[in-house]
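This briefing is meant for someone meeting the structure for the first time. Please keep the sequence and the model in view while reading the notes that follow.

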Amino acid sequence: MGLAAAAVGSGLAARFARAVVTPPRERPDDVEVLAVREGAVVLRASEETAAPGRYGIWLAGGTGHARLGAVLERDEAAGTVTRELLGVDEGVLRPGPARWNSWYYAGDPASALGLEHEDVVVRSQVGDLPAWFVPAPRGQGASEVWGVLVHGRGATRAECLRAVPLLHRLGVPALVPAYRNDVEAPASPDGRYALGHAEWQDVEAAVLHAVDAGAREVVLFGWSMGGAIALQHLARSWTADRVRAVVLDGPVVDWRSVLDHHAKLNRLPLPVGRYGSALLASPLARALVGVLEPVDLRRLDWVARAEELAVPLLIVHSDDDEYVPAGPSRRLAQARPELVRHVAVPGARHCKEWNVDPDRWEREVARFLLDHL
């Protein structure tokens, strides 16, 4: 019985570890549109659809998109929520299934923001990575500091669009690259995420692209896993000396705490979850998890590595983040108060700080950037 239990536990741990590093490909509908009214839309109520802030929904399998504003009414008895309809960007909004968009925007900088941009290519070791380049406003001249924006796990470049208008107003050109295993980018040889262990090389390629195009320095932005990627770039890239400052939103500062949290969410015993984390770093990782190289989670723990930080860091992280616990972000700020500024946005959950309070998000980020540009 003991051997059988151990085998079951090992199998669950391996499956858990594989899920962590496997890029999601299917994006099923998760929202039901019940009615469309003048300036409003009625949705089946859920934790997402009733959340405060502004969001989007993809329509017709992702071919259309609409933007939603504040909650106007919630009918607990009927299980519905009515939200302000801010606009339909593409397609037709009608009753039926849709998919929630936490990033609010969809499309590219021109279609979503009305900002002139270029589609450029970043040359990486895995192949050509598509990227958007949004120049500074006309007449401002060339800026020596660019923003390089890195989205999170399972997301796309569109997640970064929320930061682009602020950078544009500050006269900072923005480069928004895809990275390996994105749906629009080449896959890594194993087709698996490395949680920052390998993706930092794509950020390095983006920084080199920016420098070749005229940037002297960059400010790195990272959302969720994009934060882990940005931090690995600081530690491992020879271009780290080009980074003037870093802005992180809901970042993964310590993967072990994230995996412990997700083991609990998936009702796995803590030892099983911990064994899954250990598998990622073990010689068995290739056979049992599918990664070409082990992922050493110790190198991804920036609370333990806090003394290595050498550039100013702004962390915006909601205390009620349901996906990436905020504790490590707070502890990193406490360990390096002279370099790390931590801003908590209540009620925002994971990487929705801008959605819930865009004025505060932009004010905090602008203040930080103006201090360090």
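**Helix 6 and its ends**

At the N-terminal end of helix 6, Asp-254 acts as a cap, with a side-chain oxygen that lies 3.0 Å from the backbone nitrogen of Arg-256. This is a predicted model, and the points below take up helix 6 again, then two loop residues, the cysteines and a patch on the surface.

**Along helix 6**

- Helix 6 covers residues 255-265, and its buried residues include Trp-255, Ser-257, Val-258 and Leu-259, together with Asp-260, His-262 and Ala-263.
- After helix 6 comes Arg-267, a residue whose phi is positive, near 60 degrees.

**Two buried loop residues**

- Gly-152 sits in the loop that runs between strand 9 (145-150) and helix 3 (164-169), and with a relative accessibility of 2% Gly-152 counts as buried.
- When residues up to four places away in sequence are left aside, Gly-152 touches Glu-159, Tyr-179, Trp-223, Ser-224, Met-225 and Gly-226.
- Gly-152 and Pro-251 are separated by 99 residues in sequence, while their C-alpha atoms are 8.6 Å apart in space.
- Thr-239 belongs to the loop between helix 5 (225-236) and strand 12 (243-249), and Thr-239 is buried as well, its relative accessible area being 3%.
- The residues that Thr-239 touches, again not counting those up to four places away in sequence, are Glu-204, Val-207, Leu-208 and His-233.

**Cysteines without a disulfide**

- A disulfide is a covalent bond that joins the sulfur atoms of two cysteines, and the structure holds 0 disulfides.
- For Cys-160, the closest cysteine sulfur is the one in Cys-351, and because the two sulfurs are 10 Å apart they are too far for a bond, given that a disulfide requires sulfur atoms within 2.5 Å.
- Seen from the other side, the cysteine sulfur closest to that of Cys-351 is in Cys-160, at 10 Å.
- Cys-160 counts as buried at 0% relative accessibility, and Cys-351 likewise counts as buried at 4%.

**A nonpolar patch on the surface**

- Tyr-275, Leu-284 and Leu-288 make up a nonpolar patch on the surface, and together these residues have about 250 Å² of accessible area.
- Within this patch, Tyr-275 is placed in helix 7, which spans residues 270-281.
- Tyr-275 has a relative accessible area of 35% and is therefore partly exposed, since that class lies between the limits of 20% for buried and 50% for exposed.

Note on methods. Residues are numbered from 1 along each chain as its sequence is written. This is a predicted model: local features need pLDDT of at least 70, side-chain atom pairs count only at pLDDT 80 or more; totals for chains, interfaces and linings use all residues. Side-chain values use heavy atoms; hydrogens and water are left out. Patches are made of residues with over 30% relative accessible area and no salt bridge: like charges are joined within 9 Å, nonpolar side chains (Val, Leu, Ile, Met, Phe, Trp, Tyr) within 5 Å. Accessible areas come from the Shrake-Rupley method with a 1.4 Å probe; for residues, only the protein chains shown count as cover. A salt bridge is a side-chain nitrogen of Lys or Arg within 4 Å of a carboxyl oxygen of Asp or Glu. Helices (H or I, at least four residues) and strands (E, at least two) are DSSP runs, numbered from the N terminus. Buried means under 20% relative accessible area, exposed over 50%, partly exposed in between (1.4 Å probe, protein chains only). A polar contact is a pair of N or O atoms within 3.5 Å; within protein, one must be able to donate a hydrogen and the other to accept it, and residues adjacent in sequence count only if both atoms are side-chain atoms. Contact means heavy atoms within 4.5 Å.
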